[in-house]
Amino acid sequence: MSGRAVVLSGGVLEKDFILRFLADHPYEYLVAAEGGAAFCLANGLAPDLAVGDFDTAGPDLADQLEKEGISVERYPARKDEPDTAIALSAAFSFRPSEVDIFGAMGRRQDHFIANLAMLGRAAMNPETAKIPVVLYDAYNRISAHTESFEVPEECGAYPYISFFSFSDQVTGLDLKGFSYPTVNFTLHRTDVIGTSNYLTERNASVRFDSGVLIMACAGDG
């Protein structure tokens with residue numbers, strides 16, 4: 001696998017946060033989905049690839065991108081996958097070590113739900129399960145997991161860490177280093193008991209036997 005890939009989607013794109021993150025986290029590949037491509041042009045970023053149906057931003061954006069020498073993949077408006085999912089698939093084609101996605105949260109909650117489903121689907125796919133995918137905005141960090149893990153150090157910057165089951169259930173869940181620890185707990189898809197936990201130790205860990213676990217790190221804003 002090679003380095004980090006970044007996907008800029010067409011949701012709410014927080015300029016200062018994103019540009020600071022990109023400056024602090026070196027990346028190898030940048031894929032932009034429609035509105036994300038407009039963000040790139042406005043902020044001096046050169047994506048390796050722009051994808052989408054360009055129904056919102058307009059076909060002139062795709063033409064401008066191509067004039068700038070940027071590869072563009074155009075899709076029909078009537079398609080089975082939203083632009084963000086297409087962009088994620090494109091990012092996976094680079095075989096990155098990680099994919100960080102911006103602009104996947106915001107006012108369109110239907111798209112946010114679709115992006116959560118996309119996150120879980122990627123975690124369940126044997127071809128992509130080993131590639132961490134994280135959704136970011138200025139106040140949230142959301143990831144999906146199929147194996148036990150140590151909580152990343154960057155999560156310590158968020159006051160709340162919540163856990164949800166994407167699968168029917170997550171079994172044998174042990175949370176260590178949290179205010180509300182668990183031992184051999186079964187977390188069901190409809191459970192909300194995992195909401196608003198928080199760290200009590202720097203070296204916190206999450207262990208579980210089976211299932212797909214969503215971890216949502218959040219701030220109040």
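Strands β9 and β13 run antiparallel, joined by 6 bridges. In this pairing, S165 stands opposite L213 in β13. The model is predicted. On to the next partner of β13: it pairs with β7, again in the antiparallel sense, over 6 bridges. Here R141 faces C217 in β13. How many residues of β13 are buried? The count is 5 of the 6, so β13 is largely enclosed by the rest of the structure.

Now step back to the whole sheet. It is open and has 9 strands, in the order β4-β3-β2-β1-β5-β6-β7-β13-β9. The pairing is mixed. Which strands stand at the edges? They are β4 (72-74) and β9 (160-165). Each has a single partner strand, so one side of each is left without a neighbour in the sheet. From one strand to the next, the twist averages 20°.

The sheet also holds a parallel pair. Strand β1 (residues 4-8) runs parallel to β2 (residues 29-33), and 4 bridges join them. Within this pair, V7 stands opposite V31 in β2. In a regular strand, side chains alternate between the two faces of the sheet.

Helices come next. Helix α1 (residues 15-24) lies across β1, β5 (98-102) and β6 (133-137). Its direction is at about 160° to β5. Helix α5 (residues 109-124) lies across β5, β6, β7 (140-145) and β13 (213-218). Against β7, helix α5 runs at about 40°.

What fills the interior? The largest nonpolar core has 40 residues. Which of them touch the most other members? They are L8, F102, F163, V206 and L213. Helix α1 gives the most to this core, with 4 residues. Take V206 as a way in. Leaving aside neighbours within four places in sequence, V206 is in contact with S148, F149, V151, F163, L173, D174, L175, F178 and L213. Two of these contacts, F163 and L213, are named above beside V206 among the residues that touch the most other core members. There is also a second, separate core of 31 residues. Among its members are F92, M105, A122 and I131.

Two members of that second core lead to T128. This residue is found in the loop between α5 and β6. Is T128 buried or exposed? Its relative accessibility is 8%, so T128 counts as buried; the cut-off for buried is under 20%. Not counting residues up to four places away in sequence, T128 touches F92 and A122. The side chain of T128 also reaches the backbone oxygen of A122, at 2.7 Å.

Finally, look at two backbone oddities. Most residues other than glycine have a negative phi. R95 has a positive one, near 55°. R95 lies in the loop between α4 (83-92) and β5. With a relative accessible area of 38%, R95 is partly exposed. Where is the other case, S196? S196 is found in the loop between β11 (182-188) and β12 (205-207). Its phi is about 60°, positive although S196 is not a glycine. S196 is partly exposed too, with a relative accessible area of 37%.

Technical notes. Residues numbered from 1 in each chain as written. Predicted model: local features only at pLDDT ≥ 70, side-chain atom pairs only at ≥ 80, totals over all residues. Heavy atoms only, no water. Pairing = 2+ DSSP bridges. Axes fitted to C-alpha atoms, helices over the stretch in contact; angles between N-to-C directions. Contact = heavy atoms within 4.5 Å. Core = buried A, V, L, I, M, F, W, Y, C linked by side-chain atoms within 4.5 Å. Buried < 20%, exposed > 50% of the residue type's maximum accessible area, 1.4 Å probe, protein only. Polar contact = N/O pair within 3.5 Å; in protein donor to acceptor, adjacent residues only side chain to side chain.
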